[in-house]
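Visitor: I would like to hear how the labels on a model like this one are earned. Could you take me through the reasoning?

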Amino acid sequence: MADLSKYRNIGIFAHVDAGKTTTTERILKLTGKIHKLGEVHDGESTMDFMDQEAERGITIQSAATTAFWKDHRFNIIDTPGHVDFTIEVYRSLKVLDGGIGVFCGSGGVEPQSETNWRYANESEVARIIFVNKLDRMGADFYRVVKQVEDVLGAHPLVMVLPIGIEENFKGVVDLLTRKAWIWDDSGDPMNYEIVDPPADMADQIEEWREKLIETAVEQDDDLMEQYLEGEEPAIDDIKRCIRKGAINLDFFPTYTGSAFKNKGVQLVLDAVVDYLPCPTEVKPQPEVDEEGNETGAFAEVDPSKPLRALAFKIMDDRYGALTFTRIYSGKLKKGDTVLNTFTGKTERIGRIVEMHADERIEYDQASAGDIVALIGLKNTQTGHTLCDPKFPATLEPMVFPDPVISIAIAPKDKASVDKLGMALNKMISEDPSFRVETDQDSGETILKGMGELHLDIKIDILKRTHGIDVVVGKPQVSYRETITSRVEDGYTHKKQTGGSGQFAKIEYVIEPGEPNSGFVFESQVVGGNVPREFWPAVEKGFKSMMNQGVLAGFPVLDVRVILTDGGFHAVDSSAVAYEIASRAAFRQSIPKAKPQLLEPIMKVDVFTPEDHVGDVIGDLNRRRGMIKSQEPGPTGVRIKADAPLAEMFGYIGDLRTMTSGRGQFSMEFSHFAPCPNNVAEVVIKEAKERKEA
């Protein structure tokens with residue numbers, strides 16, 4: 001049986017361009033998985049095997065691979081950094097036990113690093129920090145450490161100090177052993193020597209080493225007493241304390257280097273072994289019931305327990321659909337029949353493969369702690385639980401954000417119509433944040449996603465992977481509607497057509513709900529004027545109308561309906577009659593409740609050289625942006641703002657023009673806010689015209 005203490009399920013995550021994929025490449029080289037290094041900037045990295053990834057130099061899908069270091073097995077997932085693909089990071093973190101957060105030595109803590117860090121905190125994933133690109137102009141290890149404290153509110157535990165900086169970066173000093181690791185300039189990660197550190201760093205090394213030991217011994221009262229009495233603990237004891245603190249998320253062991261120049265990566269691999277948890281040291285996954293409430297049971301990491309596994313990613317390739325699965329407990333064998341608790345159907349396991357980027361090794365079985373890809377599953381989607389049919393259970397599912405932007409597409413020729421449907425089905429199963437709808441009125445196919453780049457890549461995949469050319473409409477914003485005042489109203493539904501008729505009478509209050517409450521229904525009927533068995537029908541009727549508001553047909557948010565009174569007929573009243581009455585009541589009362597259009601507001605993070613700050617702020621103000629903060633850095637200024645998505649289309653082009661190509665930005669959905677009247681009028685008018693057309 002596998003020794004789970006030698007397993008490390010880790011992910012590598014960071015802001016776009018901080019060097020995650022390069023770091024993963026170096027790890028694979030050092031662990032003997034690849035022999036020739038592929039570079040991202042040449043479009044040849046092992047982990048970025050999609051055409052679109054190689055071309056744009058960004059990682060879109062999280063690729064999974066397995067490697068070995070010092071007789072420990074690493075299951076590694078390399079995740080994307082771009083904000084439109086945050087969903088990939090989120091679902092990877094969900095199944096990992098530990099992570100490596102990569103930060104750029106000159107860029108520091110960038111916007112996407114914050115989002116990823118927040119997700120990792122929510123998933124309670126232990127992390128080590130690697131400050132990369134220390135050979136770059138403007139790199140400053142100590143500044144990034146300070147940013148981790150200030151911006152992320154985290155406690156970095158500095159384990160190594162850099163020797164030299166920018167083009168003079170030679171290596172690092174390991175604070176625990178007080179030894180310097182110096183690499184030569186050949187670019188071979190194995191060409192290093194371990195020597196005494198430079199004499200001029202002696203004071204600095206002692207100062208940081210003292211901080212390191214003081215923080216570590218706080219994890220053990222006996223060692224702390226010993227240390228306060230002037231006796232330094234043994235290195236193994238300090239390491240044990242660091243491991244405990246790292247797993248408890250009290251601090252994050254912090255390393256530095258240059259993955260591109262092959263300097264400093266070995267110490268990060270050693271840290272994964274020394275300080276990140278094995279599958280049995282992580283809190284077990286809670287099991288939930290059909291409503292999503294925790295049952296109090298846990299999926300313990302133990303091969304002898306019943307099977308509990310979570311499908312966290314679907315990927316379609318030339319061999320068919322691969323379902324990436326993390327096994328929490330029990331065993332999975334080729335040919336087994338497993339139950340998918342979401343669909344209630346059983347599935348047969350065709351083949352079990354271990355991925356090395358896009359190569360595969362077949363296995364007959366896998367057990368608790370493993371991350372494997374399954375071939376042959378028909379109806380399993382991201383976030384579904386696979387379990388032993390005799391002992392059913394559901395693991396906590398993943399929650400995915402709603403899309404905020406949509407575009408209409410149509411195939412260029414008739415022959416592609418069927419192909420388009422099949423291709424889109426595959427793409428939906430691979431990416432839960434991507435949705436496809438058909439517009440009932442116009443018959444157009446509508447793609448919905450998390451941002452312009454997200455949809456741009458989807459169109460690209462349709463074209464290249466599936467060979468389908470499409471005509472693309474201009475992007476549309478997904479607005480919402482809500483109400484702003486309370487209305488007391490009543491509605492009676494009567495229909496008599498020979499034989500038994502239909503009768504339902506309801507009196508109700510419709511009022512604005514709490515923010516983010518969605519639809520809330522309650523009944524205050526007393527005395528049986530509306531019999532209790534019809535209350536669910538009233539609720540269903542009102543709720544079914546929330547998908548289409550009265551202003552422009554957008555979904556309605558945050559409405560509270562209270563059923564106060566009504567009437568019924570002994571023969572003619574039925575659930576259907578009350579449902580019809582509720583729907584008509586919604587249409588009748590919502591226009592009286594002062595409906596209002598809401599627009600998606602994005603959290604925008606812009607980086608610009610100092611000379612252009614005024615232009616960028618002026619432009620954001622013109623886009624109805626609210627400036628939140630400005631943070632000067634060594635190479636430019638970070639501006640944080642909230643801005644409506646409707647005003648941000650094509651922003652990257654304008655930003656590049658304003659900043660002579662040096663500006664960068666990222667944005668993610670923040671919240672919905674009331675639309676100004678002049679904007680709302682235009683949106684409502686366009687919606688009506690589309691309907692009439």
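Guide: What follows is a set of questions about labels in this predicted model, each answered by setting a value against its cut-off.

Visitor: Let's start broadly. What makes up the secondary structure of the protein?

Guide: The secondary structure comes to 16 helices and 38 strands. Of the 693 residues, 54% count as buried. The protein exposes about 30600 Å², and carbon and sulfur atoms supply 49% of that area. As for contacts between residues at least 6 apart in sequence, 71% join residues at least 24 apart.

Visitor: Why is Ile-205 called buried?

Guide: Its relative accessible area is 3%, and buried means under 20%, so Ile-205 is buried. The residue sits in helix 6. Setting aside neighbours within four places in sequence, Ile-205 is in contact with Leu-161, Val-173, Leu-175, Arg-178 and Pro-197. The C-alpha atoms of Ile-205 and Leu-176 are separated by 9.7 Å, with their places 29 residues apart along the chain.

Visitor: Helix 6 also holds Glu-214. Why is Glu-214 called partly exposed?

Guide: Helix 6 covers residues 202–217. Glu-214 has a relative accessible area of 38%; the middle class lies between 20% and 50%, so Glu-214 is partly exposed.

Visitor: Which residues gather with Glu-214 in a patch of negative charge?

Guide: The surface patch brings together Asp-203, Glu-207, Glu-210, Glu-214, Glu-218 and Asp-250. Asp and Glu count as negative, so this gathering is a patch of negative charge.

Visitor: And which residues make the nonpolar surface patch?

Guide: Met-190, Tyr-192 and Ile-194 make that patch, of about 280 Å². Tyr-192 belongs to strand 10 (residues 192–195), and at 30% relative accessibility Tyr-192 counts as partly exposed.

Visitor: How do you know that Asp-270 and Lys-70 form a salt bridge?

Guide: The closest N and O atoms of Asp-270 and Lys-70 are 2.9 Å apart. The cut-off is 4 Å between a side-chain nitrogen of Lys or Arg and a carboxyl oxygen of Asp or Glu, so the pair qualifies as a salt bridge. This pair links distant parts of the chain, 200 residues apart: Asp-270 is in helix 9 (residues 265–275), while Lys-70 is in the loop between strand 2 (63–69) and strand 3 (72–78). A search of the whole structure finds 29 salt bridges.

Visitor: Are Asp-270 and Lys-70 buried or exposed?

Guide: Asp-270 is buried, because 16% is under 20%. Lys-70 is exposed, because 52% is over 50%.

Visitor: What makes Arg-622 and Asp-619 a salt bridge?

Guide: Their closest N and O atoms are 3.6 Å apart, and that is within 4 Å. Both residues lie in helix 14 (residues 613–622), 3 residues apart, about one turn of the helix. Arg-622 has a relative accessible area of 63% and is exposed, whereas Asp-619 has 9% and is buried.

Visitor: Which residues are joined into one network by salt bridges that share partners?

Guide: The network consists of Arg-486, Glu-488, Glu-511, Glu-522 and Arg-560. In one of its pairs, the side chains of Arg-486 and Glu-488 meet at 3.2 Å, N to O. Arg-486 is partly exposed at 48%, and Glu-488 counts as exposed at 61%.

Visitor: Why does Glu-599 count as buried?

Guide: At 2% relative accessibility, Glu-599 falls under 20%, so Glu-599 counts as buried. Strand 35 (residues 595–608) is its place. Beyond neighbours within four places in sequence, the contacts of Glu-599 include Tyr-479, Arg-624, Pro-644 and His-671. The C-alpha atoms of Glu-599 and His-671 are separated by 8.4 Å, though the two residues are 72 apart along the chain.

Visitor: What makes the phi of Arg-624 worth a remark?

Guide: Most residues other than glycine have a negative phi. Arg-624 is not a glycine, yet has a positive phi of about 65 degrees. Arg-624 lies in the loop between helix 14 and strand 36 (626–632), and at 26% relative accessibility counts as partly exposed. Glu-124 has a positive phi too, of about 55 degrees, and lies in the loop between helix 4 (111–122) and strand 5 (126–132).

Note on methods:
Residues are numbered from 1 along each chain as its sequence is written. This is a predicted model: local features need pLDDT of at least 70, side-chain atom pairs count only at pLDDT 80 or more; totals for chains, interfaces and linings use all residues. Side-chain values use heavy atoms; hydrogens and water are left out. Patches are made of residues with over 30% relative accessible area and no salt bridge: like charges are joined within 9 Å, nonpolar side chains (Val, Leu, Ile, Met, Phe, Trp, Tyr) within 5 Å. Accessible areas come from the Shrake-Rupley method with a 1.4 Å probe; for residues, only the protein chains shown count as cover. The place of a charge is taken as NZ of Lys, CZ of Arg, CG of Asp or CD of Glu. Helices (H or I, at least four residues) and strands (E, at least two) are DSSP runs, numbered from the N terminus. Buried means under 20% relative accessible area, exposed over 50%, partly exposed in between (1.4 Å probe, protein chains only). Contact means heavy atoms within 4.5 Å.
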